[in-house]
Amino acid sequence: MAPQISVQTENLTRKFGHFTAVDRVNISVEKGEIFGFLGANGAGKTTMIRMLCGLLIPSSGSATVAGFDVYRQSEQIKQTIGYMSQRFSLYNDLSIEENIEFYGGIYGLSNKKIAQKKSEIFENLKLGDWAKSVTADLPLGFKQRLALGCAMLHEPAIVFLDEPTSGVDPAARRAFWELIYQTAAGGTTVFVTTHFMDEAEYCNRISIMDAGRVIALDSPENLKQQYDQPTIQKVFVELVRGKERGEMEAN
Amino acid sequence: MSAIEIKDFGKNYDSLQAVKGVSLLVEKGELFGLIGPDGAGKTTLMRSVCTLLKPTSGQILVNNLDTAKDIISIRKILGYMPQQFSLYQDLTVEQNLNFFADLFKVPEEERARRMVQLYRFSRLEPFKKRQSGALSGGMKQKLALSCALIHTPEILILDEPTFGVDPVSREEFWDILAAIRKEGTTILVSTAYMDEAALCDRVALMHLGEFLTMGTPAEVVNRFPFPLYRVTGENLRSLRQFFLKQPNVHATQLFGDALHVSFTEAPPRSAWRGWRQESGGNLKTCKRQPPSIEDVFMELTRKGDDGASN
């Protein structure tokens, strides 16, 4: 059986005036895959994500997200995706329980569904003992788990995670990645954007963007072997600097 | 005489013990890294070295001067780059450098020489007329570093200088630090990126206000006592369940397209052959994996958790 495709782009391009932020990008992400999306500042990551979230119309090329077309079906796309930012969009003065109720309401879930989701989050994310605690008082690792839970309330087909674990201690980070692996095993596609290279090592495949183009796409292990570098950080630097060298020679 | 001598230093904020009695010597010319996640106490410790906070207990000496008493003399020999970008956003690159040179009373001729040097390090000269608020993240960090270096300090204190900086700028920033160190400057730098530890001469791993361990990066990594393997297979989740049932397995962790398995003692080759069969072909490859600083950190905090009440 052919794997189901969750995100597919073909020559996806976005220009702002004369500036090409995303330049003919082709990616194909399978359902249930954990896909890392890396790039330096200004490489085009954010523009790419905004197009895939249905927030920005491409200049040319095509893309489908969970089978929906980015030009014509952006509303359906918005209902099909979840988004979690490193700067959590949780309400600090609400309790864990209240945050879940609030986001459930925004997503238009029924009260019954919200109650069911609440108990799932308490159970799966081990937050039950803290249900009544005010979010501001929680350790960073707890906030992350709650933010993920809230981003997943409406059972999205694809969840976008923006630098999800920067700054937390290694134990909390690994616990969080366990949840991500669980999420992916349940069939949700996980898109991780980060410039923390150690987060990239946890992904199934990663793409590296530079100046609007995808300049590498493979599993972290294969990339390290291919470029003969010990870490993804080194691969990244090698790729971008190598490209700069090439451009200088070409000129 | 050490460049920085921290003796049983503790710092409380009301009832919160941010740093709990730590000791450390940073030698002259050393590049020393404080490695730890948010809330470890790194910033409190660095601000105290910079005379910005008074110890609750213990003492910190900088070039044998006491941070609680010799504040003015210490500030002359220190360069400090705080975590928050604290330059004037509406001043240009050049104006910011001049402002800091004025603050530290750097004489005219020396200032000109130093600027040339700093521009060479930072490659910011083409941008010297640009307002600092309009620089990229990586360039801002290089400018902040240059301002901290304008008075040619003996000792440089950098609080998470690479936080949020993209990988290429991060690499460049560390190259600059290596060059500054070569000139004889002592550097104390903090970071939450465990992989940056390898770039320091020595590191201390810090967690909840305490040092977990200290040493050269190689020494610290060697303190991970469990043989670690990178294992690949057809189905990693079931492979993981399989390994959790085997004797001598210490821990397992999914890592992208592989599984990391640590053992209480290295399994013989025959064991791997057996597992390949028992797993019904699920187990494909295995190879020894060098532990990372993160593995060491995990292990040391796991032990710490056994008796702790929180």
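Here is a short walk through a predicted model, starting with chain A, moving on to chain B, and ending where the two chains meet.

Let's begin with how far you can trust chain A. The mean pLDDT of chain A is 90, and 96% of its residues reach at least 70. If you colour the elements of this chain by confidence, strand E5 (residues 60–65) of chain A has the highest mean pLDDT, at 97, while helix H9 (residues 232–250) of chain A has the lowest, at 80.

Next, look at the fold of chain A as a whole. Nine helices and 11 strands make up its list of elements. The radius of gyration of chain A is 19 Å, close to the 18 Å that the globule rule gives for 251 residues, so the chain is as compact as a globular protein of that length. Along the principal axes, its C-alpha atoms fill a box of roughly 65 × 40 × 40 Å. Of the 251 residues in chain A, 44% are buried. The contact map adds to this picture: among contacts in chain A with a separation of 6 or more, 68% join residues 24 or more positions apart.

Now turn to chain B, which is divided into domain 1 (4–222) and domain 2 (228–290). The centres of these two domains of chain B, taken over C-alpha atoms, are 42 Å apart.

Helix H8 (residues 236–244) of chain B deserves a closer look. Its buried residues are Leu236(B), Leu239(B), Phe242(B) and Phe243(B). Viewed down the axis of H8(B), these buried residues fall within an arc of 110°, so they line one face of the helix. On the other side of H8(B) you will find Gln241(B) and Leu244(B), which are exposed. And what covers the buried residues? The cover over the buried residues of H8(B) includes four strands of chain B: E11 (228–233), E12, E13 (258–263) and E14 (283–288).

Finally, let's bring the two chains together. Here 24 residues of chain B are in contact with 26 residues of chain A. On the chain B side, the elements that give two or more residues are helix H6 (167–182), strand E12 (249–255) and helix H10 (293–307) of chain B. H10(B) supplies the largest share of that side, four residues. Sorted by class, the side of chain B that touches chain A has 11 nonpolar, six polar and seven charged residues. Strand E12 of chain B thus turns up twice on our walk: it is among the elements that touch chain A, and it is also part of what covers the buried residues of H8(B).

Key: Residues are numbered from 1 along each chain as its sequence is written. Chains are lettered from A and ligands numbered from 1 in the order in which they are written. This is a predicted model: local features need pLDDT of at least 70, side-chain atom pairs count only at pLDDT 80 or more; totals for chains, interfaces and linings use all residues. Two residues are in contact if their C-beta atoms, placed from the backbone, lie within 7 Å. Ala, Val, Leu, Ile, Met, Phe, Trp, Tyr, Cys and Pro count as nonpolar, Asp, Glu, Lys and Arg as charged, and the others, Gly among them, as polar. The radius of gyration is taken over C-alpha atoms; the globule rule is 2.2 Å times the number of residues to the power 0.38. A residue is buried if 20 or more other C-beta atoms lie within 10 Å of its own, exposed if 12 or fewer, and partly exposed in between; C-beta atoms are placed from the backbone. pLDDT is the predictor's confidence in each residue, from 0 to 100. The arc is that of the directions from the helix axis to the C-beta atoms. Domain bounds come from an automatic or database domain assignment.
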